[in-house]
Every structure is written in structure tokens, then in C-alpha cells.
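Reader: Could you take me through one part of this model in detail, please? I would like a close look at a single sheet, and then a sense of how the rest of the chain fits around it.

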Amino acid sequence: ASNNTDATLARAGDIVTLSFTVSEVLAANPVVTISGNAATIGGSFPNYTASYTFGGADTEGVIPYTIDFSDSATNAASQITATTNASQVIFDKTAPTLTSVSIYSDNSNTALARVGDTVSIDFTVSETVSGSATVLIDGNAASVIGSHPNYTASYTMNGGDTEGVTTFTIDFTDSSGNAGTQVTAVTDASTVSFDETMPSAGSIG
């Protein structure tokens, strides 16, 4: 198990712990590796734990381990490499990315918006996100809908919002807790400009 919020996942800095029970008194503490690294042993007969803190150099994927031990008569047990309850932990050190980002409005001209128009951002995420992405459109919290990998964030423009090209930020974290780099730009040429200024007539007569 991992001390991550999701005990089946781990990221760099998380501690993965094996818990195991032996049938006889051991000649010495068991020798355990987790992802090829020497683990710290805790406990005593018959219940032991082995723990390792993951780092950025460790290999991603399902975490392998080995447990070697001998009884007090020095009879060596067969090496253990699998759990008895099918539990596993997956190590993920890769930050998620947005592979596609596009902005548009529901105005008849999707590159323009006025008060009352809804500006939306469609984006695609490379990994499953934890909860939902946090999106601001012109500094205002947007509503986010969708599911992995495609999401849409929307905000209805109000009087007082900033005129000109509409800015946004997207913050997101994968299921293991790796934070993606904040996104502030589209991946295509899309843009939306907000205009709340009523036109006026020049000189007449």
C-alpha cells in the first residue's frame, strides 16, 4: 500500500509499504527490495513491514518487490514476489499535460463575446485527473464538465469583465497527485475577444 491519497498509487515522495506475516521465527530480519531498492524493515515475529520512499529516478509502473527470509534453523524460504490478496501499487512520476486546448464563444461569431455570451474552453488531458481541473476565464471561476480525457470549461461574460482578448488559466493534477504545468494558451489559433462597449454615432448633420 502507499501513503498516497489513493493507496494503489504512488508518486515521488510517497512511501510504499509491504505488510507480511511469517509462519516461523526468523534467523534475522527479512531482506526486502521494493522496485530494486533496499527497504526499511519494521516489526517482529510474526508480523513485519517493509517500506521505501520513492524518488524521481525510480521506474514507473506496477511496483515489483522481493522478500527473502530464513527460519531460525537457517532454512531459506522461496523468494516472495507476489501478494496473497492481489493488491498492487502503481508508481507514476510523470506530470499530466493538455494535448489540445481551444477557446470559443456562443456568439454568432465564435471569436467574439458580449455581455451574456458564454465563453468555453475545450481541453484534452493526457492522464486521468484528480477531481476536476480548476479553470479561470478572465479571472472568474468557470464551470467544468466532462470526463477523461475531454473536458469543457464555461463562463458567462458579465458587465465589468475585461474587454479585449479573453485570458484563461487551467490548473490540473493527475490521480497520483502530480501537478501539470498551468496552461494559459490554446494549442490552435482560436481566440475570443470580449466587447461590452455600445457603439455610438459620430457627428450627425
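Author: Happy to! Let us begin with one bridge: Thr-17 is matched with Ser-51 as its bridge partner in strand 6. Before going on, please keep in mind that this is a predicted model, in which local features need pLDDT of at least 70 and side-chain atom pairs count only at pLDDT 80 or more, while totals for chains, interfaces and linings use all residues. Numbering starts from 1 along each chain as its sequence is written, and side-chain values use heavy atoms, with hydrogens and water left out.

That bridge belongs to the antiparallel pairing of strand 2 with strand 6, which runs over 7 bridges. Strands here are DSSP runs of E with at least two residues, numbered from the N terminus, and two of them pair if DSSP finds at least two bridges between them. In general, strands of a sheet pair through backbone hydrogen bonds, either parallel or antiparallel.

On to the sheet itself: 3 strands make an open, antiparallel sheet in the order 2-6-5. Its edges are strand 2 (15–21) and strand 5 (40–44), each of which pairs on one side only. Neighbouring strands in this sheet are turned by 20 degrees against each other on average, direction ignored; the axes behind that angle are lines fitted to C-alpha atoms, and angles run from 0 to 180 degrees between N-to-C directions.

Strand 6 (residues 47–53) also pairs with strand 5 in the antiparallel sense, over 5 bridges. One bridge there links Gly-42 to Thr-49 of strand 6, and a hairpin of 2 residues connects strand 5 to strand 6.

The side chains of strand 6 alternate: Tyr-48, Ala-50 and Tyr-52 point to one face and are buried, whereas Asn-47, Thr-49, Ser-51 and Thr-53 point to the other and are not. Buried means under 20% relative accessible area, exposed over 50%, and partly exposed in between, with a 1.4 Å probe and protein chains only.

Tyr-52 leads us to the aromatic residues. The structure holds 4 aromatic pairs, where rings of Phe, Tyr and Trp (its six-membered ring) pair if their centres lie within 6.5 Å; planes under 30 degrees apart count as stacked, over 60 as edge-to-face and the rest as tilted. Tyr-52 and Phe-54 form an edge-to-face pair, with 5.0 Å centre to centre and 75 degrees between the planes. Both Tyr-52 and Phe-54 are buried. Another pair, Phe-123 with Tyr-151, is stacked at 5.7 Å centre to centre and 15 degrees between the planes. Phe-123 lies in strand 12 (residues 118–125) and Tyr-151 in strand 16 (residues 150–156), so this pair ties together parts that are 28 residues apart in sequence. Phe-123 and Tyr-151 are both buried. Back at the sheet, Tyr-52 and Phe-54 join Phe-91 in one aromatic cluster.

Phe-123 also brings us to the largest nonpolar core, which has 23 residues; Ile-121, Phe-123, Val-135 and Ile-170 touch the most other members. A nonpolar core is a set of buried Ala, Val, Leu, Ile, Met, Phe, Trp, Tyr and Cys residues joined through side-chain atoms within 4.5 Å. Strand 10 (98–105), strand 12, strand 13 (134–137), strand 16 and strand 18 (168–171) each give two or more residues to this core, and strand 12 gives the most, with 4 residues. Leaving aside neighbours within four places in sequence, Ile-170 is in contact (heavy atoms within 4.5 Å) with residues including Leu-98, Val-101, Ile-121, Phe-123 and Val-135. A second, separate core of 18 residues includes Phe-54, along with Val-22, Val-32 and Val-89.

Finally, the whole chain. The protein chain has 0 helices and 19 strands. Its radius of gyration, taken over C-alpha atoms, is 27 Å, well over the 17 Å that the globule rule (2.2 Å times the number of residues to the power 0.38) gives for 205 residues, so the chain is more spread out than a compact globule. The C-alpha atoms fill a box of roughly 110 × 25 × 25 Å, taken along the principal axes. Of the 205 residues, 33% count as buried.
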